[in-house]
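Got the structure open in your viewer? Let's walk through it one selection at a time.

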Amino acid sequence: MGRLVSLLLFLCAATGGSSFDVTTAPAILKVKENEGVDMSCSYTADFGADARMEWRFVNSKGSTNYVLFDKKITDPYVDRVTIFSNTNLRFSRVTRQDNGEYFCDVSSSSSPTKNAKVVLTVLVPPSVPNCGIPQTVTTNSHVTLTCNDPNGSPPPKYNWYKGTTLLPEDPSKNVAFKNATYKLDTKTGMLVFPSVTKMDTGDYYCEVSNEAGPPQRCKSAKMEVRDINTGGIVAGVIFGLLFLGLLIAGLWFANKKGYLPSMKSESKQQSAAYQPPSMYGGGDEDDGDFKQKSSFVV
């Protein structure tokens, strides 16, 4: 009999009996911004009468804070979240900042903490993206075109067009683009040309899309690829050298003809500067006057 009981207990444990289960329903939620939503959590009775439950939020950056703690809604949520049926959350409205994972944590004196999560996606339609498209670039240079929509949720997909042609994400898999060398990241919106050629000249624009609303695109702009103007650069250097040579020759000629003040004349002018007479006389006149006055006194 004892062996039978032990066997039954073993089978019960193996099949998940008394496993302190925590469940959420539904586990995935998608809600439009500013609309309301409920999050439900339940747990098995084996947690006991002293079961403790919290709701914890983790955003996409890994930052964590509590929505429900010690049976109370925390300050950041008190204006738009309530609890019902002891374990469930009700949002009167959600914002894009509510995107992330919500964990229902349950613990008791007889069990470690168990949890289940709800993944909430707040639906925000894409907005017109900000695009960075250079107007003029030189051949064989590294060029990056950028596209960004900070508002769309879930994060939008980025597509680039050249003229009216959609650029494939992987050009190597498309026969029409087998000679293309660009790299396109549909998650970040970056279109990179490691070494542009004149064939890359054209009108470009970016389009963003997600499940929340219609796609949006930025204004088309032309990128022109030009060769480096070697002749112009050489001509500019030659002109600069000629100008410098003429300037030096002009200064030498002006100095030779005396059109420029010399160092000697400057030194003479400094030495000829006025000096105040000494109290004991200075010059012939002073000496004569001094002698006359001296003889008179004697």
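Here is a short tour, from the whole chain down to a few strands.

A word on the ground rules: this is a predicted model, where local features need pLDDT of at least 70, side-chain atom pairs count only at pLDDT 80 or more, and totals for chains, interfaces and linings use all residues. Residues are numbered from 1 along each chain as its sequence is written, and side-chain values use heavy atoms, leaving out hydrogens and water.

Start with the whole protein chain. You'll find four helices and 20 strands; these are DSSP runs, numbered from the N terminus, with helices being H or I of at least four residues and strands E of at least two. Of the 298 residues, 29% are buried, meaning under 20% relative accessible area with a 1.4 Å probe, counting protein chains only.

Next, select residues 52-58, strand β4. Six of its seven residues are buried. Now add residues 100-108: this is β9, which pairs with β4 in the antiparallel sense over seven bridges (pairing takes at least two DSSP bridges between two strands). Look for Arg 52, whose bridge partner in β9 is Ser 107.

Add residues 64-69 for β5, joined antiparallel to β4 by four bridges. Here Phe 57 has Asn 65 as its bridge partner. Between β4 and β5 the hairpin has five residues, and Gly 62 takes a positive phi near 90 degrees.

Last stop: residues 221-226, strand β20. Which way does β12 (residues 136-138) run beside β20, parallel or antiparallel? The two are parallel, joined by three bridges, and Thr 138 is partnered with Arg 226. Select residues 202-210 too: β18 runs antiparallel to β20, with three bridges, and Tyr 204 stands opposite Ala 221.

Methods:
Buried < 20%, exposed > 50% of the residue type's maximum accessible area, 1.4 Å probe, protein only.
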